[in-house]
Amino acid sequence: MRGMKQWRPFASLPEYQTEIDKMLEEREKVEKPILSIDQIYDINEVLYSLKCGDYIYLKRYFNGKIYSQTSKLLELDKFSGRLILDNGIVEFNDLIDLKLC
């Protein structure tokens with residue numbers, strides 16, 4: 001019994017599986033939080049104090065989900081509004097929270 005999969009009647013037809021997966025993924029999406037003026041001020045304060053090589057903790061909104069990560073800052077591109085990190089690029093508009101580690 002331990003290794004058996006639970007029977008899911010709605011997944012019995014393979015052609016419906018992709019649509020069902022999309023529906024389940026859509027249910028998990030959340031709206032982008034609206035930041036208060038204080039939160040925006042705190043994020044801007046940290047952005048102005050950042051230097052290349054700093055480790056930062058950030059929360060960001062992307063595709064209906066909120067992600068948390070700790071990363072090393074490689075470059076701060078103020079002109080285009082992006083943080084270039086060791087594991088990707090984050091737009092300023094996607095930031096929900098930002099702190100120095």
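Which element gives the largest share of the lining of the largest pocket? That would be helix 2, with four residues. The model here is a predicted one, where local features need pLDDT of at least 70, side-chain atom pairs count only at pLDDT 80 or more, and totals for chains, interfaces and linings use all residues. Residues are numbered from 1 along each chain as its sequence is written, and side-chain values use heavy atoms, leaving out hydrogens and water.

Helix 2 covers residues 37–49 (helices are DSSP runs of H or I, at least four residues, and strands runs of E, at least two, numbered from the N terminus). Its end C-alpha atoms sit 19 Å apart, which agrees with the 18 Å that 13 residues should span at 1.5 Å a residue (1.5 Å times one less than the number of residues). Ile-43, Val-46 and Leu-47 of this helix are buried (under 20% relative accessible area with a 1.4 Å probe, protein chains only; exposed is over 50%). Seen down the axis, the buried residues fall within an arc of 105°, so they line one face of helix 2 (the arc is that of the directions from the axis to the C-beta atoms). The face turned away from them carries exposed Ile-37, Asp-38, Tyr-41 and Tyr-48.

As for the largest pocket, its volume is about 180 Å³ (the space filled by probe spheres set on grid points joined across faces, edges and corners). A pocket is an open set of points on a 1 Å grid over the protein atoms alone, where a 1.4 Å probe fits, with protein on both sides within 12 Å along at least five of seven lines; lining residues have an atom within 4 Å of a point. Among the lining residues are Ile-43, Leu-47, Phe-92 and Ile-96.
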